[in-house]
Amino acid sequence: MTRIRRGYIARRRRTKIRLFASTFRGAHSRLTRSTIQQKMRALVSAHRDRGRQKRNFRRLWITRINAAIRESGVSHSYSRSIHDLYKRQLLLNRKILAQIAISNMNCLYMISNKIIK
């Protein structure tokens, strides 16, 4: 009986995993089992950290807005000014407010005065 050559599907799968893990160091990029484990770990970390990144940026924006508001002396706190924004129905999100606070303090000062009046 003649020998049957195995298919290429498993080899193709391993090659795909190796390409994903080609930048990993040591056995994590060479051995198939380690590569698969590291790939799963990397994908889990990427999924988790996408949520964390959103959270961290929101914290950064809030800190910047709070610092700018306290520095300008218009309002006492971040929470009070955000509350006033919602009361006045001014639709400015925290990202835009933080950019305004960094780039143009006068504009933030004008917005704060508009809220207070």
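Gln89 sits in the loop between helix 3 and helix 4, the latter covering residues 94-103. This is a predicted model, and in it the phi angle of Gln89 is near 60 degrees, a positive value in a residue other than glycine. Most residues other than glycine have a negative phi. Gln89 is also exposed, because its relative accessible area of 67% is over the 50% cut-off.

Stepping back along the chain brings us to helix 3, which spans residues 78-88. Three of its residues are worth a visit: Arg80, Ser81 and Ile82. Here is how they compare with the loop residue Gln89 in accessibility.

| Residue | Place | Relative accessibility | Class |
|---|---|---|---|
| Arg80 | helix 3 | 47% | partly exposed |
| Ser81 | helix 3 | 10% | buried |
| Ile82 | helix 3 | 9% | buried |
| Gln89 | loop between helix 3 and helix 4 | 67% | exposed |

Why does Ser81 count as buried? Its relative accessibility is 10%, and buried means under 20%, so Ser81 falls in that class. The side chain of Ser81 also has a partner: it reaches the backbone oxygen of Tyr78 at 2.7 Å.

Ile82 is buried as well, with a relative accessible area of 9%. Which residues does Ile82 touch, once those up to four places away in sequence are set aside? They are Arg94 and Leu97. Looking the other way along the chain, Arg52 lies 30 residues from Ile82, and the C-alpha atoms of the two are separated by 23 Å.

Arg80 is partly exposed, with 47% relative accessibility, because that value lies between the 20% and 50% limits. A further pair gives a feel for distances in this model: Arg80 and Tyr8 are 72 residues apart along the chain, and their C-alpha atoms are separated by 64 Å.

Now for another part of the fold, where two helices meet. Helix 2 takes in residues 32-72 and helix 5 takes in residues 105-116; they pack at an angle of about 75 degrees, and their axes are 11 Å apart. That angle makes helix 2 roughly perpendicular to helix 5, because angles of 65 to 115 degrees fall in that class. On the helix 2 side, the residues in contact are Ala68, Glu71 and Ser72, while helix 5 contributes Met105, Leu108 and Tyr109. By character, this contact is made up of four nonpolar residues, one polar and one charged.

What does the whole chain look like? Read along the sequence, its pattern is α-α-α-α-α, with five helices and zero strands. The radius of gyration of the chain is 26 Å, whereas a compact globule of 117 residues would have one near 13 Å. Along the principal axes, the C-alpha atoms fill a box of roughly 95 × 30 × 20 Å.

Two overall figures round out the picture. Of the 117 residues, 20% count as buried, and Ser81 and Ile82 are among the buried ones. Of the contacts in the chain with a separation of 6 or more, 38% come from residues 24 or more positions apart.

How values were computed
Residues are numbered from 1 along each chain as its sequence is written. This is a predicted model: local features need pLDDT of at least 70, side-chain atom pairs count only at pLDDT 80 or more; totals for chains, interfaces and linings use all residues. Side-chain values use heavy atoms; hydrogens and water are left out. Axes are lines fitted to C-alpha atoms, for helices over the stretch in contact, and angles run from 0 to 180 degrees between N-to-C directions. Helices (H or I, at least four residues) and strands (E, at least two) are DSSP runs, numbered from the N terminus. Angles under 35 degrees count as roughly parallel, over 145 as roughly antiparallel, 65 to 115 as roughly perpendicular and the rest as oblique. Contact means heavy atoms within 4.5 Å. Ala, Val, Leu, Ile, Met, Phe, Trp, Tyr, Cys and Pro count as nonpolar, Asp, Glu, Lys and Arg as charged, and the others, Gly among them, as polar. Buried means under 20% relative accessible area, exposed over 50%, partly exposed in between (1.4 Å probe, protein chains only). A polar contact is a pair of N or O atoms within 3.5 Å; within protein, one must be able to donate a hydrogen and the other to accept it, and residues adjacent in sequence count only if both atoms are side-chain atoms. The radius of gyration is taken over C-alpha atoms; the globule rule is 2.2 Å times the number of residues to the power 0.38.
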